[in-house]
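Open the structure in your viewer and keep the selection tool at hand. This tour goes stop by stop, saying what to select and what is there.

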Amino acid sequence: MIPYIGGKCQLAPWIISNFPENHLQMSYIEVFGGAGWILYKKEVARLEIYNDLNSNLVNLFTTIRDNYPAFSHQVEWSLHSREMFSQSIEFFKNHQVKFDIIEALNYAIMRVQSFSGKGKNSWAYIKSPTSKNSGTWAPFLKRLGLINARLKLVQIEHLNYAKLIEKYDTPNSLFYLDPPYVKAEHYYNNSEVFFTHEDHFNLSRILYDLQGKFCLSYYDEPMIRELYKDYRILTKTTTKSSCGVTKLSKRKVKPKARELLIMNY
Ligand SMILES: C[S@@+](CC[C@H](N)C(=O)[O-])C[C@H]1O[C@@H](n2cnc3c(N)ncnc32)[C@H](O)[C@@H]1O
């Protein structure tokens, strides 16, 4: 597991507990996979598909699954260091994505060694002597074997959500969807990943015609309530994970958010 903006690490138990009772006998399709927190935390189902339009994520997980000895060797011989982090940030500037191990290593360094997985110029260092963490890289190395084992039977896809749903929709499919949230669509957009305001409407139309079951995450927004008013909706209040709250920031309390879970079953 890697830190990722919008990752469902904390909410995973609640989300998984609301999957259909027989979900392990269904095909499980994670449409907007991101760091794959739900997939990693749930029990193994008969057929599992991870999908994301981001090539770096797809390359990282495919490398961990299919080239584990070489990748874990590279991770073991890399450092939790400001220099390596800066080099990885530089590596991705004006860069055409390649599908290889060096790409995967640099992406892992950039995500794992940054504050809250944000990448950019914020190397995750520790200031307080009472902090329990001794750097984020060593724990990542420890988790790597688990990620490799969990991915062994997972089919990895790299498709736009509409195409993916069309390909995998059957009466025995369970789709978990965690799209970019309303007003935060741009968070994940880059030269290859795109999700616009119009996509929220398009997604709701596709889900309306679905043969299988779906479980969908969103923040509580009037527009989303309206789009999915015919479905069962559960709510949960959460604390936003980092939200720029540091010792130096003016805001001292992390803001709350209301998560929705929308289901057609
Ligand atoms: C909110 S994040 C998912 C986080 C994930 N549930 C987790 O726990 O890590 C949304 C993901 O959707 C992906 N995405 C954005 N637009 C997409 C599209 N059109 N098709 C497929 N994936 C897309 C982004 O790259 C991003 O990783």
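## Stop 1: H4 against H7

Select helix H4, residues 68-76, and helix H7, residues 137-151: they pack with axes 10 Å apart, at an angle of about 170°. That angle makes H4 roughly antiparallel to H7. Now show the side chains. From H4, the contact takes Tyr68, Ser72, Val75 and Glu76. From H7, it takes Phe140, Leu141, Leu144 and Asn148. By class, this contact of H4 with H7 holds five nonpolar residues, two polar and one charged.

Keep in mind throughout that this is a predicted model.

## Stop 2: H3 against H7

Keep H7 on screen and add H3. Here the axes come within 8 Å and cross at roughly 90°. H3 and H7 are therefore roughly perpendicular to each other. Select Phe61, Ile64 and Arg65 in H3; they meet Leu144, Ile147, Asn148 and Leu151 in H7. The contact of H3 with H7 counts five nonpolar residues, one polar and one charged. Look again at Leu144 and Asn148. Both belong to the contact with H3, and both also belong to the contact with H4.

## Stop 3: H3 against H6

Stay with H3, residues 55-66, and add helix H6, residues 101-112. How do the axes of H3 and H6 cross? They come within 9 Å and cross at roughly 110°. That makes H3 roughly perpendicular to H6. On the H3 side, pick Asn56, Asn59, Leu60 and Thr63. Their counterparts in H6 are Ile101, Glu103, Ala104, Tyr107 and Ala108. Sorted by class, the residues of this contact of H3 with H6 are five nonpolar, three polar and one charged.

## Stop 4: the two domains

Zoom out and colour by domain. Domain 1 covers 1-53 + 159-265, and domain 2 covers 57-150. Their centres, taken over C-alpha atoms, are 24 Å apart. How many residues of each domain are in contact with the other? The count is 14 residues of domain 1 and 13 residues of domain 2. On the domain 1 side, the touching residues are seven nonpolar, six polar and one charged.

## Stop 5: the sheet

Switch to a cartoon view and select the strands. Seven strands form an open sheet in the order S3-S2-S1-S4-S5-S7-S6, and the pairing is mixed. Which strands stand at the edges? They are S3 (154-157) and S6 (232-239). Each has a single partner strand, so one side of each is left without a neighbour in the sheet. Sight along the sheet: the twist averages 20° from one strand to the next.

Now walk across part of the sheet, pair by pair.

- **S1 and S4.** Select strand S1, residues 27-30, and strand S4, residues 173-177; they pair in the parallel sense over four bridges. Click Glu30, then find its bridge partner Tyr176 in S4.
- **S4 and S5.** Add strand S5, residues 213-219, which pairs with S4 in the parallel sense over four bridges. Leu174 has Lys213 in S5 as its bridge partner.
- **S5 and S7.** S5 and S7 run antiparallel, joined by five bridges. Click Tyr218 and look in S7 for Leu260, its bridge partner.
- **S7 and S6.** Strand S7, residues 256-263, pairs with S6 in the antiparallel sense over eight bridges. Ile233 is bridged to Ile262 in S7.

One general point helps when side chains are shown here. In a regular strand, side chains alternate between the two faces of the sheet.

## Stop 6: the ligand

Finish at the ligand. Display its surroundings: 21 residues surround the ligand. Which of them are the closest? Select Gly6, Phe32, Gly34, Ala35 and Trp37. Then colour the whole shell by class. The shell around the ligand divides into twelve nonpolar, six polar and three charged residues.

Key: Residues numbered from 1 in each chain as written. Predicted model: local features only at pLDDT ≥ 70, side-chain atom pairs only at ≥ 80, totals over all residues. Domains from an automatic or database assignment. Contact = placed C-beta atoms within 7 Å. Nonpolar A, V, L, I, M, F, W, Y, C, P; charged D, E, K, R; others polar. Axes fitted to C-alpha atoms, helices over the stretch in contact; angles between N-to-C directions. Helix = DSSP H or I, 4+ residues; strand = E, 2+ residues; numbered from the N terminus. Parallel < 35°, antiparallel > 145°, perpendicular 65-115°, else oblique. Near = placed C-beta within 6 Å. Pairing = 2+ DSSP bridges.
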